[in-house]
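This report describes a single protein model, beginning with one residue and widening to the chain as a whole.

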Amino acid sequence: MVDSQYFLPNDIGISALDCTEAFRLLSPREKLYAHYLSRSAWYGGLAVLLQTSPESASIFVLLQRLFRKQPAAQLESMATAAGLSPEEYQAFLVYAAGLYANMGNYKSFGDTKFIPNLPKEKLKALVWQSQAFQDSPSEMEALWDSCSTLLFSLEDQQKQLGLGDKGVTTYFSGNCCLEDAELAQKFLDSKNLSAYNTRLFKNKSEEGKASYEVRLASAVQKGESAMSFLKSYDCVFMVSRGDYAYLMKKVSENLEKAKEHAANENQKRMLEEYAQSFTFGSIEAHKEGSRFWIKDKGPIVESYIGFIESYRDPFGSRGEFEGFVAVVNKAMSERFAKLVSSAEVLLPELPWPKDFEKDRFLLPDFTSLDVLTFAGSGIPAGINIPNYDDIRQSEGFKNVSLGNVLAVAYATQKDKLTFLDEEDKDMYIKWKGPSFEVQVGLHELLGHGSGKLFVQDEKGTFNFEQDNVRNPETGEQITTWYKGNETWDSKFSTISCSYEECRAECVGLYLCLNKHVLSIFGHEDEDANEVVYINWLNMVRAGLLGLEFFTPESKSWRQAHMQARFVILRVLLEAGEGLVTLKESTGKDGRPDALITLDRSKVHTVGKAAIERFLCKLQVIKSTADVEGGRALYEGYSAVSDTGSHNFLRLRETVLLRKEARKMFVQANTRVKGHVELVEYEGSAAGLIRSFTERFADDAEEVEAHLLEHSTPRHSFKLR
């Protein structure tokens, strides 16, 4: 029997992302702008297949060829003829939908592999029965042979993403380990190169020297340049262009088309710089485009595109491609605008000295958006971008809350609510949405948007008063800081993503206790109290649920946000005084269960004090680039063991036993037929599949050929 965590259940939630009204209200010009931005995002999003696993692109092409020839309803008769039961055919559809939704065969939230919940020989029989196979038997057989073994394989190393013997990654060639990643980061820092749009390939040693290729994502493929690295390392690095070249060319072409329908000069300049970035592999051009994006205040159609989040790089430096296009929800955005205008009053409420806060808070855009397109491995609830430290610290950023995602992603049925007291469940269902909206707003704006990094630039100039600033934890002078081209990601590498999410989550918990914040979101008196209670209860429950994303064999976490929430649970349990209780039990079904409770009378006292102390520590460590202290603190709270007051390893088994699969979203397409049409699909596995087969209908064969070409690069991703 295969562990159920490696299957997607047949009853998994699949919802259509509604943007009908938002799109209808756009002008013809705005619709064209949104259309070409969406096309750019969808083409770029295919790069995620190549960033996820060696087999993802081939599986994608196999599925596209099956469903382009026969929609799901037609293929069902072939499945019956091949001997599949209705349940097995549904399992196949769910698997296909899952691969599309995650842009690969590893879950975007948790980085765990998933395989079809049916026998391999039955899926092969279905492929052989299909019209696609009848039309091109040799091609389909070759395609099946290229990916079928890894499609079903659950060898230990293949169960999750990771570097070296800890898992699978295509950000590095299969012969790379952590030491190679660290060496490459030193090289990149020495050359003032960003890792965001790169992958690393280690070649066979020549003359006793290790040889590395740093490959930049770009449409242009010329321009390789060998660079000798520091002699003490006795190796050679070469920087080359042309990773995902075909896809980057399609991204740039559609950005140029979108530029013709831009609303203003900032949008035009932004798109020009983005196109330069994807054409030549220049992060500096992308940063310049991001500067124009920040200046584009309050656009009707909002978007962002590039190699953005580094959650899935095992080293924490390389960005996964994503692109979104969305329409502003004006009513909801008014609340966030009020929160922005209150930011300068709220920031001093945070529990660190003013020297550890930015010299000037650059008021950002904060809008609620209805997503039209979100291409990548998954859709978040909120975003704070750009991720470039130098821009965020001195020039600003934007925040977005994705309203139509929030509306469907976090709706919960009472019978599926786990680990809560019956009295809490009704309140949880009623207040989860409103409380999460508050948490997302605070997390993005004042969590990711707060805090100063102490930097000594290349000229030796400090951005803080070195002689006067004191560490509030020790009372001593600051002795560590960021130097030259060092960034938060490059210094804290493997813990940077989760640590920062934890800091932002703590800011949300801490500031949601502020009555002014709650009134901004329309919550007063008893309603405000309920929002606070459910927000904190949701956080400690999420910490328990987070155990699903811990791998005991490698003692590693697979999801940054859930690790962060587990850390917060540990902090609040440690606070004691009955604030949080976590007890193991036996459920009504006779199977292991658990119950987590929160004493609401102690949230403002015991809870606030605990988060205040912890949040201050997190910020001081981050500001001062104290990597050693940060690792000791964060990895200590992240530890999952069977000793101590709670047996978290046993609780993890209970969480896995009762887990609910994360929802998937069906997104609309746009097409131009004289005017721009919105094409919507039903919220089902078949609807999700159809949306993808129609998404690339005009150039499907060309796209698929290039994906297969890109998925067999010059360097092997084979497991060690």
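His448 has a relative accessibility of 9% and therefore counts as buried, the cut-off being under 20%. The model is a predicted one. His448 lies in the loop that links helix 18 (422-447) to strand 11 (455-456). Leaving out residues up to four places away in sequence, His448 touches Asn384, Arg392, His443, Glu500, Glu501, Arg503 and Ala504.

**Annotated positions**

An unreviewed UniProt entry gives the annotation "binding site" to His443, His448 and Glu501. These residues are spread over 59 residues of sequence, yet they cluster in space, with a largest C-alpha distance of 8.4 Å. Two of the annotated residues, His443 and Glu501, are also among the contacts of His448.

The feature "active site" is placed by UniProt, again in an unreviewed entry, at Glu444. Glu444 is part of helix 18. Is Glu444 buried or exposed? Its relative accessibility is 7%, so Glu444 counts as buried. Apart from neighbours within four places in sequence, Glu444 is in contact with Phe366, Gly382, Ile383, Asn384, Asn399 and Gly449. Asn384 appears in this list and also among the residues that His448 touches.

**Backbone features**

The peptide bond that runs from Ile385 to Pro386 is cis, and its omega is near 5°. Pro386 sits in the loop between strand 9 (382-385) and helix 16 (389-394).

Positive phi values occur at Phe419 and at Glu577, neither of which is glycine. The table sets out phi, location and accessibility for these residues.

| Residue | Phi | Loop between | Relative accessibility |
|---|---|---|---|
| Phe419 | near 65° | helix 17 (403-409) and helix 18 | 4% |
| Glu577 | near 60° | helix 22 (560-574) and strand 15 (580-586) | 57% |

Because its relative accessibility is 4%, Phe419 counts as buried. Glu577, at 57%, counts as exposed, since the cut-off for that class is over 50%. The loop that holds Phe419 leads to helix 18, the helix in which Glu444 is found.

**The chain as a whole**

The secondary structure of the protein consists of 27 helices and 19 strands. How does the radius of gyration relate to that of a compact globule? For 720 residues, a compact globule would have a radius of gyration near 27 Å; the protein has 25 Å, so the value agrees. The C-alpha trace spans about 75 × 65 × 60 Å along its principal axes.

Of the 720 residues, 60% count as buried; His448, Glu444 and Phe419 are among them. Among contacts with a separation of 6 or more, 75% are between residues 24 or more positions apart.

The accessible surface amounts to about 28,600 Å², and carbon and sulfur atoms account for 47% of that area. The protein carries 84 positive and 102 negative charges, and the mean positions of these two sets are 1 Å apart.

Terms used. Residues numbered from 1 in each chain as written. Predicted model: local features only at pLDDT ≥ 70, side-chain atom pairs only at ≥ 80, totals over all residues. Heavy atoms only, no water. Helix = DSSP H or I, 4+ residues; strand = E, 2+ residues; numbered from the N terminus. Rg over C-alpha atoms; globule rule 2.2 N^0.38 Å. Buried < 20%, exposed > 50% of the residue type's maximum accessible area, 1.4 Å probe, protein only. Contact = heavy atoms within 4.5 Å. Areas by Shrake-Rupley, 256 points an atom, 1.4 Å probe, with all protein chains shown as cover. Lys, Arg positive; Asp, Glu negative; His and termini not counted. Charge placed at Lys NZ, Arg CZ, Asp CG, Glu CD. UniProt positions renumbered as here; feature names shortened; annotations may be inferred.
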